[in-house]
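Here is a short briefing for a first look at this structure. Keep the sequence and the 3D view open while you read.

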Amino acid sequence: MTYVAAIDQGTTSTRCIVFNRQGAIVSVAQKEHQQIYPQAGWVEHNPEEIWKNTLEVIALARINAKLQVGDIAAIGITNQRETTVVWNRRTGKPYYNALVWQDTRTGDLVNKFAETGGQDRFRAQTGLPLATYFSGLKLRWLLDNVKGLRADAERGDALFGTMDSFVTWNLTGGPQGGLHLTDVTNASRTQLMDLRTLDWSDELLAAFEVPRAMLPVIRSSSEVYGTVSSEVLPGVPLAGILGDQHAALVGQTCFEPGQAKNTYGTGCFLLLNTGTVLRESTCGLLTTIAYKFGNEPVNYALEGSVAITGALVQWLRDNLGMIKNSSDVETLAKTVDDNGGAYFVPAFSGLYAPYWKADARGVVAGLTRFVNKGHIARAVLEATAYQTNDVVRAMEQDAGIELSSLRVDGGMTHNSLLMQFQADVLNVPVVRPTITETTALGAAYAAGLAVGYWKNFDDLRQNWGVDKTFQPNLDEPTRAKLLRGWSKAVERSFGWEE
């Protein structure tokens, strides 16, 4: 038997998952990496630690299932998007830590660029507002602040990439001829690519003062790019690359316009496939690439991004010590019947869709002497559902389509209390699939399709199965009251940062 492997390079860990033809997990290995916070609002990763972990998890996933190299038909990559790294072409050494998508150090640059043309200055070309979230301004900050980097970049010695590019370059040879490329989904998140031409825009590169010589080549999401030269999987075709949220859309087999998925991870990301039609948002959403398979036309998507969801549970665990393990939050929240009037708005790095308020900061509102740690735990979980509801309503308005159900995936979907509350707040069924590791599965699908392991989308659709459907069970007056409280709490978070 042969299998397809996927590297899932995420915000908190790197995993290698091996899938069979039915899309079931055969083997998995995972390793966390350090979260580096040099000062308030700055979030970094060590790229060399991540590369070392990548090699380790590939080897472990093979060992765990006693797989030979010949058992792997292809490998795909999915990655945390927007996280920005620059490294030297000759040595492979990073010039600086990777700037993580949550990092807000580019706030002043956002304001400076918005002075001409406002926050939507580049939206027509890129589908994105000016925000600290995207890679282009992170790269500009590195070029301005890392000694010697700009000169090396002009010479073509310094390479820029999101984490997919860094892993691909190292997997395919590194300084000895490593391939410097990215796929359209990751490129669409840099704010440097034109959504219509699917190429780097000279106008945007000039505005951001980014030398073209440092940029990777943009390819489709599913094609044979080359073969792995590293000793962990020598000769195996590297054949799929998708940013994590686009990979989850593929893993959920949302191939038809109007199909949507929500991934519950460190943040929350709702994507709606709009087909080959590029829809410009008027409601604070992003227009992005859904995927592009080989020579097929590109598919677009509307996206609503929420910065802090699962990360809020980690914060409750690590910063406050209220729970020992992330999974304990559900047990604690179940000790109470409701939120006790308390709301938690986790605007730790501003608010993303549909508000785009960089000056917002986290608030807890509605506290009384009655509120205990169970209510706080409940408010922490409910914050994820409320933020998702905000995005869904904006998406319905933008797309002119009412959501009939929501497909969900990611680690937080194992929390049944949250999934039930999500259905209650949205007032539509929430569908949890049998395989919730859809991000890695999407990367495996992209790689497998490129080498003929799966023939077509119908093969993939047959693999999708339902684990549980959560039906809404909340009366309208209660829902309306809860949403009013949430709206008031969100308003309290605005304008905190001067």
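The points below cover sheets, helix packing, cavities, a pocket, aromatic pairs and backbone details.

This is a predicted model. One open sheet has 6 strands, and another open sheet has 7 strands. The structure also holds 4 cavities of 30 Å³ or more.

**The sheet of 6 strands**

- The strand order is E3-E2-E1-E5-E14-E13, and the pairing is mixed.
- Strand E3 (25–32) and strand E13 (222–227) form the edges. Each has a single partner strand, so one side of each lacks a neighbour in the sheet.
- From one strand to the next, the twist averages 25°.
- E13 pairs with strand E14 (residues 237–243) over 3 bridges, in the antiparallel sense.
- Serine 222 sits opposite glycine 240, which belongs to E14.
- Helix H6 (residues 163–171) packs on this sheet and touches strand E1 (3–9), strand E5 (72–79) and E14. The direction of H6 makes about 145° with that of E5.
- Helix H9 (residues 244–251) also packs on the sheet, where H9 touches E5 and E14. The direction of H9 makes about 105° with that of E14.

**The sheet of 7 strands**

- Here the order is E17-E18-E16-E15-E21-E22-E23, again with mixed pairing.
- The edges are strand E17 (286–291) and strand E23 (466–470). Each pairs with a single strand, so one side of each is left without a neighbour in the sheet.
- The twist in this sheet averages 30° from one strand to the next.
- Strand E15 (residues 260–264) and E16 run antiparallel and are joined by 5 bridges.
- Asparagine 262 has leucine 270, in E16, as its bridge partner.
- H9 lies across E15, E16, E17 and strand E21 (406–409). H9 runs at about 55° to E17.
- H12 lies across E15, E16, E18 and E21. H12 runs at about 145° to E18.

**The largest cavity**

- Its volume is about 90 Å³.
- The lining has 16 residues. Val306, Leu351, Tyr352, Ala353 and Gln387 lie nearest the centre.
- Strand E18 (299–306), helix H12 (373–399) and helix H16 (476–493) each supply at least two lining residues.
- By class, the lining has 12 nonpolar, 3 polar and 1 charged residues.

**The second largest cavity**

- This cavity has a volume of about 70 Å³.
- Its lining consists of Gly258, Leu270, Leu272, Val392, Met395, Glu396, Ala399, Ile401 and Leu403.
- Strand E16 (268–275) and H12 each give at least two residues to this lining. The largest share, 4 residues, comes from H12.
- The classes here are 7 nonpolar, 1 polar and 1 charged.
- Leu270 is in this lining. Leucine 270 is also the bridge partner of asparagine 262.

**The second largest pocket**

- The volume of this pocket is about 270 Å³.
- It is lined by 16 residues, and Asp338, Asn339, Glu382, Thr478 and Leu482 are the closest to its centre.
- H12, helix H13 (416–426) and H16 each contribute at least two lining residues.
- By class, the lining divides into 5 nonpolar, 5 polar and 6 charged residues.

**Aromatic pairs**

- The count comes to 28 aromatic pairs.
- One of them joins tryptophan 87 and phenylalanine 166 edge-to-face. Their rings lie 5.2 Å apart centre to centre, with 75° between the planes.
- Tryptophan 87 is in strand E6 (residues 84–88) and phenylalanine 166 is in helix H6, so this pair ties together parts 79 residues apart in sequence.

**Backbone details**

- Most residues other than glycine have a negative phi, and most peptide bonds are trans.
- The peptide bond from alanine 353 to proline 354 is cis, with omega near -5°.
- Proline 354 is in the loop between strand E19 (343–345) and strand E20 (363–365).
- Ala353 is also among the residues nearest the centre of the largest cavity.
- Leucine 198, a residue other than glycine, has a positive phi near 60°.
- Leucine 198 lies in the loop between strand E10 (193–194) and strand E11 (199–200).

Terms used
Residues are numbered from 1 along each chain as its sequence is written. This is a predicted model: local features need pLDDT of at least 70, side-chain atom pairs count only at pLDDT 80 or more; totals for chains, interfaces and linings use all residues. Side-chain values use heavy atoms; hydrogens and water are left out. On a 1 Å grid over the protein atoms alone, a cavity is a set of points where a 1.4 Å probe fits but cannot get out, and a pocket is an open set with protein on both sides within 12 Å along at least five of seven lines; lining residues have an atom within 4 Å of a point. Grid points are joined across faces, edges and corners, and a volume is the space filled by probe spheres set on the points. Ala, Val, Leu, Ile, Met, Phe, Trp, Tyr, Cys and Pro count as nonpolar, Asp, Glu, Lys and Arg as charged, and the others, Gly among them, as polar. Two strands pair if DSSP finds at least two bridges between them. Axes are lines fitted to C-alpha atoms, for helices over the stretch in contact, and angles run from 0 to 180 degrees between N-to-C directions. Contact means heavy atoms within 4.5 Å. Rings of Phe, Tyr and Trp (its six-membered ring) pair if their centres lie within 6.5 Å; planes under 30 degrees apart count as stacked, over 60 as edge-to-face and the rest as tilted.
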